[in-house]
Amino acid sequence: RKAKASEGAAAKQKQLESYTQPAEGVLTTNQGLVVPDNHNSLKAGIRGPSLLEDFILREKITHFDHERIPERVVHARGAGAHGYFELTKSLSEYTRADFLQEPGLRTPVFVRFSTVAGSRGSADTVRDVRGFAVKFYTREGNYDLVGNNIPVFFIQDAMKFPDLIHAVKPEPHHEMPQAASAHDTFWDFASLMPETTHMLMWAMSDRAIPRSYRMMEGFGVHTFRFINARGASHFVKFHWKPKLGKHGLAWDEAQKIAGKDADFHRRDLWESIAQGNFPEWELGVQIIPEDKAQSFGFDLLDATKLIPEEMVPVTIVGRLVLNRNPENFFAETEQVAFHPGHVVPGIDFSNDPLLQGRLFSYTDTQLSRLGGPNFHELPINRGVCPFHNFQRDGMHRMTIPRGQVSYEPNSLATGSEFRVDGGQQGFQSHPEEMESPKIRRRSPSFDDHFSQATLFWNSQSPSEKDHIVAAFQFELSKVEVPAIRQRVVDNLAHVDAKLARKVAEPLGIGLPDAKAAAGRSGFRDVRVKLPIEASAP
Ligand code: HEM
């Protein structure tokens with residue numbers, strides 16, 4: 001079993017090695033000509049002008065001129081590592097996904113951690129959500145679990161994502177502030193969108209200033225589906241639990257480190273792996289039978305809600321180990337293309353309207369970020385199983401399809417005859433029955449923006465609560481428009497009256513007024529009764 005396990009994990013490494021450049025040899029041009037002199041351009045005489053003819057100089061400079069590609073529109077700053085996922089408990093009862101059947105099987109992975117708001121050159125330790133994206137190179141194709149380190153999200157519907165990101169990114173007129181959420185546009189948007197409240201509580205907690213990537217949890221956030229070999233479906237939530245436990249920085253520490261070592265988190269990840277202290281997480285799942293899905297009071301399709309572990313325990317089913325640094329940041333960490341729509345048979349989507357929008361967004365953005373439709377052929381993005389289809393051409397095509405035929409059905413193919421699988425092995429979308437009609441609305445429990453925010457607040461220890469209050473104060477102290485500050489504390493009064501007062505008083509903000517918040521257009525305080533009440537540990 002051991003031999004089989006490491007064979008699985010080595011497959012991707014072997015594939016990547018076949019693409020690496022030799023580390024030594026004679027310097028050549030891209031066409032393979034030996035470069036005679038790498039210091040002097042070709043000139044008309046020793047003191048004369050440079051000649052346009054110098055194709056060696058032109059090639060070198062032209063390539064340099066085009067080194068940059070657009071950074072990710074969000075999650076631009078990140079750090080990646082290779083490793084493996086080892087299944088410790090079979091999930092065959094719930095899913096037919098090949099990599100989740102046999103305990104002991106190791107699947108190679110590439111993981112990228114990131115901040116969301118800052119640009120590629122921003123500091124690591126800012127207050128922000130962290131991305132936690134895992135690409136599993138399974139024997140059935142790539143599966144991407146593209147999650148965050150916070151289990152809920154700011155918004156409920158993909159329609160609001162561009163607004164959210166425009167509000168959190170640097171303001172368009174002066175490109176400030178560069179990487180923090182502490183500015184008027186973000187708090188303006190947040191205060192007018194009470195569905196952000198639950199995630200705001202997490203974002204103001206120590207979760208948003210992790211000590212290390214190795215010490216943070218990860219979450220799939222959305223509800224997904226597992227489909228087993230009999231075609232039966234269960235809902236599932238994914239959790240990554242760090243072996244080193246969860247640890248945050250203090251805010252003051254985080255700000256100082258941002259100034260002294262902007263690379264703090266990527267350095268920590270790189271050095272730990274280089275020293276053989278391999279970061280490790282457990283994979284946990286919360287499994288929800290279809291017939292229980294409506295029993296929680298809140299909607300499993302609402303990404304601003306989590307399922308408390310007291311209601312559905314997390315079962316540990318595997319471990320993730322990061323044991324190899326990339327050879328090259330650009331080729332691997334920058335060019336990797338994650339996508340929540342990369343699934344394998346046995347894993348399917350729910351109708352979460354945030355997830356549904358994501359399913360469109362990732363390939364779409366990568367088409368421009370990675371220059372055309374062939375980025376799946378880049379070494380870091382290739383599956384370890386072969387791919388065959390009749391898609392053809394496009395910018396930067398790397399494979400060479402054979403033969404006359406690039407359509408199906410055909411009777412002419414010789415040597416490139418791909419059958420269509422009769423559906424036995426292939427991906428089958430779960431045949432969920434749909435209720436009509438077409439409608440632009442959300443189910444009523446989506447309006448409960450505060451029950452879980454209060455639950456989170458009540459679950460915090462006194463010092464954690466102090467940190468949350470201080471974070472809100474810091475953020476609001478940077479907001480210039482008084483009405484925005486007032487709206488934020490009015491909203492907070494729906495989470496906890498004491499919290500709202502503590503935030504408001506030292507800043508001279510007017511007394512928080514829950515009624516004022518409730519009177520604003522579009523604002524509703526619907527409460528779903530949860531069967532549990534959290535208290536401080
Ligand atoms: C990256 C869109 C919500 C996690 C990205 C990128 C886009 C995007 C365009 C850049 C991808 C690239 O250039 O390769 C969206 C949209 C969302 C959404 C439209 C909502 C409708 C979320 C949520 C999560 C998430 C809820 C967490 C569960 C990530 C991560 C990355 C990312 C981790 C970085 C992946 C990497 O490391 O390359 N997102 N996102 N996003 N997103 Fe989202």
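**Close-ups of a predicted model**

**Figure 1. Histidine 75 and its contacts.** Leaving out residues up to four places away in sequence, histidine 75 touches Ser114, Val116 and Gly131. Keep in mind that this is a predicted model. Histidine 75 sits in the loop that runs between helix H2 (55-65) and strand E1 (78-87). Is histidine 75 buried or exposed? Histidine 75 is buried, because 22 other C-beta atoms lie within 10 Å, and 20 or more is what it takes to count as buried. The backbone here is worth a look too: phi of histidine 75 is near 60°, a positive value in a residue that isn't glycine.

**Figure 2. Asparagine 148 in strand E4.** Asparagine 148 belongs to strand E4, which covers residues 141-148. This residue is buried as well: asparagine 148 has 24 C-beta neighbours inside 10 Å. Which residues is asparagine 148 in contact with, leaving aside its neighbours within four places in sequence? They are Val129, Arg130, Gly131, Phe132, Phe219 and Val221. Look out for Gly131 in that list, since histidine 75 touches Gly131 and asparagine 148 is in contact with Gly131.

**Figure 3. The "active site" positions, seen together.** The UniProt record, an unreviewed entry, places the feature "active site" at His75 and Asn148. These positions span 74 residues in sequence, yet no two of their C-alpha atoms are more than 10.5 Å apart, so they gather at one spot.

**Figure 4. The shell around the ligand.** There are 28 residues around the ligand, and His75, Arg112, Gly131, Ala158 and Val221 come nearest. His75 is one you've already met, as one of the UniProt "active site" positions. Several elements each chip in at least two residues of this shell: strand E2 (106-115), strand E3 (130-138), E4 and helix H9 (353-369). Which element supplies the largest share? That's H9, with eight residues. Sorted by class, the shell holds 14 nonpolar, ten polar and four charged residues.

**Figure 5. Helix H9 from end to end.** Does the length of H9 match what we'd expect, or fall short of it? H9 has 17 residues, and at 1.5 Å a residue they should span 24 Å; the end C-alpha atoms are 25 Å apart, which agrees. Within H9, Pro353, Leu354, Leu355, Arg358 and Gln366 are buried. The cover over these buried residues includes strand E10 (347-349). Just after H9 comes glycine 371, with a positive phi of about 70°.

**Figure 6. Tyrosine 362 on helix H9.** Zooming in on one residue of helix H9, we find tyrosine 362. Tyrosine 362 counts as partly exposed, because it has 18 C-beta neighbours inside 10 Å, and that falls between the cut-offs of 20 or more for buried and 12 or fewer for exposed. Not counting residues up to four places away in sequence, tyrosine 362 touches Phe338, His339, Pro340 and Gly341. Now find aspartate 144: tyrosine 362 and aspartate 144 are 218 residues apart in sequence and 12 Å apart in space, C-alpha to C-alpha.

**Figure 7. Valine 109 in the nonpolar core.** The largest nonpolar core has 108 residues, and Val109 and Met201 touch the most other members. What does valine 109 contact, leaving aside its neighbours within four places in sequence? The list is Gly83, Tyr84, Phe85, Val134, Lys135, Phe136, Tyr137 and Leu320.

**Figure 8. Helix H4 and what covers it.** Time for another helix: in H4, the buried residues are Phe186, Trp187, Phe189, Ala190 and Ser191. Which helices help cover them? The cover includes H3, helix H5 (197-203), helix H11 (462-477) and helix H12 (482-492).

**Figure 9. Two cis peptide bonds.** One cis peptide bond joins methionine 176 and proline 177, with omega at about -15°. Proline 177 is in the loop between helix H3 (161-168) and helix H4 (184-192). Another cis peptide bond joins glutamate 408 and proline 409, and here omega is about 5°. For proline 409, the place to look is the loop between H9 and helix H10 (451-458).

**Figure 10. Aspartate 393 in the loop between H9 and H10.** The loop between H9 and H10 also holds aspartate 393. Although aspartate 393 is not a glycine, its phi is positive, at about 65°. Is aspartate 393 buried or exposed? Aspartate 393 is exposed, because just 10 other C-beta atoms lie within 10 Å, and 12 or fewer counts as exposed.

Methods
Residues numbered from 1 in each chain as written. Predicted model: local features only at pLDDT ≥ 70, side-chain atom pairs only at ≥ 80, totals over all residues. UniProt positions renumbered as here; feature names shortened; annotations may be inferred. Helix = DSSP H or I, 4+ residues; strand = E, 2+ residues; numbered from the N terminus. Contact = placed C-beta atoms within 7 Å. Near = placed C-beta within 6 Å. Nonpolar A, V, L, I, M, F, W, Y, C, P; charged D, E, K, R; others polar. Core = buried A, V, L, I, M, F, W, Y, C linked by C-beta atoms within 7 Å. Expected span 1.5 Å × (residues − 1).
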